[in-house]
Amino acid sequence: MNVDGVTALFARVLDDPEVTAESDFFGLGGDSLLATRVLSAVAREYGVELTFDEFLLAPTPATLAKTIASAAR
Amino acid sequence: MRVLVVGAGLAGLTAADDLAAAGVDTTVLEARGRVGGRTHGIEVAPGVWADAGAAYLGDRHTELHKTLAELGLSTHPTTMDGSSRFALGSRDDTRDGRFPPLNAVALGQMFDLLDELTATVRLDAPWLTPEAERWDSLTAAQWAEQHLHHPDARLFFPLFLGEMMAADPATVSMLHVALYLRSGGGISYLNAFEGGAQQDRVHGGAQQICERLAARLGARIRLNLPVRAIHQDARAVTVHADGETFRCDALVVAVPPLLAGAIDYRPGLPAPRATEATGRGCAVKVQLVYPTPQWRDRGLSGWSVSSTGPLLSTVDDSPPDGEVGVLTGFVTGAEAYRFAALPAGAQRTQVLSQVARLFPYLPAPIGLHISDWVSEQYSRGCYAAVFGPHDWLRLGPRLATAHGRVHWAGTETSTEYFGLMEGAIRSGHRAAMEVLSSYESVGRKR
């Protein structure tokens with residue numbers, strides 16, 4: 001699992017260095033457009049295509065890293 | 001010292017207000033029988049106004065906020081709670097939030113590409129952007145053909161451009177797309193309601209900004225006087241309006257480029273204001289009025305996105321106290337041209353049948369208002385001019401450069417918040433400042 005990598009990805013998309021593994025993307029000002037940019041980065045970096053709804057269910061770096069790991073299996 | 005301002009929209013009235021406040025003898029010539037330009041209010045119920053033109057603003061629109069505060073006007077947030085309706089391709093969906101039922105990775109890749117391009121634009125001089133010639137010779141449709149491979153991205157791109165900047169991908173220059181997005185604060189800020197450029201509306205309608213500025217200027221404003229010719233020599237400017245001639249020491253032209261370009265200038269301009277490639281902002285705004293915002297009872301926000309027209313999107317534009325429900329629909333891009341060419345009866349029928357499909361439980365509206373900005377004689381498009389291929393390279397360097405005693409204002413002359421009310425106001429302040437600093441005697445000869 002790559003929690004640090006996903007945390008860095010959130011920080012980049014949100015332009016917010018304070019993101020932690022438990023930060024909620026939408027609570028930090030993320031919206032649906034920015035969410036698509038997280039998902040395109042996830043596809044590029046981890047080779048996993050997630051849906052918007054999957055991201056809604058896993059909106060923190062910690063939970064999204066789990067989703068990525070199980071989708072990659 | 002006497003200064004004339006052509007155009008009583010936000011830019012012209014801002015400039016005139018600054019000049020008058022500095023003690024300059026100022027007169028505003030307006031072609032229409034009203035002030036406001038591309039802001040216009042419709043009374044949808046007694047005392048309740050909806051914006052038929054420009055409507056939205058965000059926190060970054062600092063000059064607009066200053067003007068509102070100074071004029072005693074307030075804002076209220078755009079309501080966006082609940083589910084959205086989507087009619088994309090052959091699908092019909094109701095979903096929480098605003099995200100369409102499309103491939104998120106494909107849309108993300110599209111936004112990545114747009115953001116990357118947008119970041120390269122030089123706001124101080126868009127024509128000096130790296131590879132400006134390449135981007136300015138490409139239409140958005142050609143760019144999409146080369147870069148967007150997923151069908152969902154290809155479906156969404158024209159809807160996004162229509163919504164953001166009232167542009168038809170087939171005719172807009174890709175450099176213009178990038179400039180517009182950069183100028184407005186980037187794709188995320190421009191796209192967002194809360195925290196973005198659509199966060200708030202002016203309470204009672206944005207037309208009040210111009211109405212209150214006009215009230216301050218009083219008899220300095222002359223209506224129903226379209227300007228046809230602007231002739232200058234070393235000492236003065238002569239302005240020929242319909243039936244009247246004016247003399248002044250300096251002039252601010254604050255009308256959209258397509259209209260400014262239709263005026264006869266002597267001596268002629270060193271560069272055109274518009275070319276055959278310059279397009280009209282393709283927007284028709286439709287307001288449907290209901291006794292209450294009944295879609296909210298069904299948990300819907302009023303937001304919808306459709307891939308076939310006429311209404312490519314709808315949004316809840318009800319006043320904050322909910323005394324009536326106002327659903328505003330946008331007909332944009334190529335669809336706006338098709339729709340604008342229909343007879344009024346066919347326009348109404350198409351709007352009503354589409355709304356019946358999107359919101360089947362709504363009763364018939366008690367009011368239906370269609371504001372066709374594409375055909376509007378004294379705007380020639382809205383939100384703003386859509387620059388076509390090669391326009392930025394040809395027109396850009398001189399958009400805000402005075403031609404002798406003729407100075408330019410209007411949202412298209414501002415590379416900050418181009419196309420928005422904020423850009424118009426910034427351009428008005430800039431033009432007034434230019435006049436005040438260019439002619440030494442301005443402050444003294446009253």
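This passage looks at the contact between chains A and B and then at how a few helices of chain B pack, all in a predicted model.

The two chains meet through 14 residues of chain A and 15 residues of chain B. On the chain A side, helix α2 (residues 32-46) does the most of the work, giving nine residues to the side that touches chain B. Sorted by character, the residues on that side of chain A come out as six nonpolar, five polar and three charged.

Turning to chain B, helix α2 (residues 62-70) has a buried side and an exposed one. B:E63, B:L64, B:T67 and B:L68 are buried. These residues span an arc of only 140° around the axis, so they sit on the same side of α2(B). That fits the usual helix geometry: with 3.6 residues a turn, residues three or four places apart point the same way. The other side of α2(B) carries B:K66, B:A69 and B:E70, which are exposed. As for what lies over the buried residues of α2(B), the cover includes the strands β5 (56-57), β6 (75-77) and β9 (200-202), along with helices α9 and α14 (421-438), again of chain B. After α2(B) comes B:G72, with a positive phi near 75°.

One of the covering helices, α14(B), packs against α2(B) at an angle of about 80°, and the two axes are 8 Å apart. Since angles of 65 to 115 degrees count as roughly perpendicular, that is how α2(B) lies relative to α14(B). From α2(B), the contact draws on B:E63, B:L64 and B:T67, and these meet B:M421, B:E422, B:I425, B:R426 and B:H429 of α14(B). B:E63, B:L64 and B:T67 thus turn up twice, as buried residues of α2(B) and as its part of the contact with α14(B). The make-up here is mixed: three nonpolar, two polar and three charged residues.

Helix α9 (residues 207-217) of chain B, for its part, also packs with helix α1 (residues 10-21) of chain B, at an angle of about 30° and with axes 10 Å apart. With an angle under 35 degrees, α1(B) and α9(B) are therefore roughly parallel to each other, and the crossing of α1(B) past α9(B) is left-handed. On the α1(B) side the contact involves B:L10, B:L13, B:A16, B:D17 and B:A20, while α9(B) brings in B:I209, B:C210, B:L213, B:A214, B:R216 and B:L217. Nine of the residues in this contact are nonpolar, none is polar and two are charged.

Note on methods
Residues numbered from 1 in each chain as written. Chains lettered and ligands numbered in written order. Predicted model: local features only at pLDDT ≥ 70, side-chain atom pairs only at ≥ 80, totals over all residues. Contact = placed C-beta atoms within 7 Å. Helix = DSSP H or I, 4+ residues; strand = E, 2+ residues; numbered from the N terminus. Nonpolar A, V, L, I, M, F, W, Y, C, P; charged D, E, K, R; others polar. Axes fitted to C-alpha atoms, helices over the stretch in contact; angles between N-to-C directions. Parallel < 35°, antiparallel > 145°, perpendicular 65-115°, else oblique. Left-handed = near helix turned anticlockwise from the far one by under 90°. Buried ≥ 20, exposed ≤ 12 C-beta atoms within 10 Å, placed from the backbone. Arc of directions from axis to C-beta.
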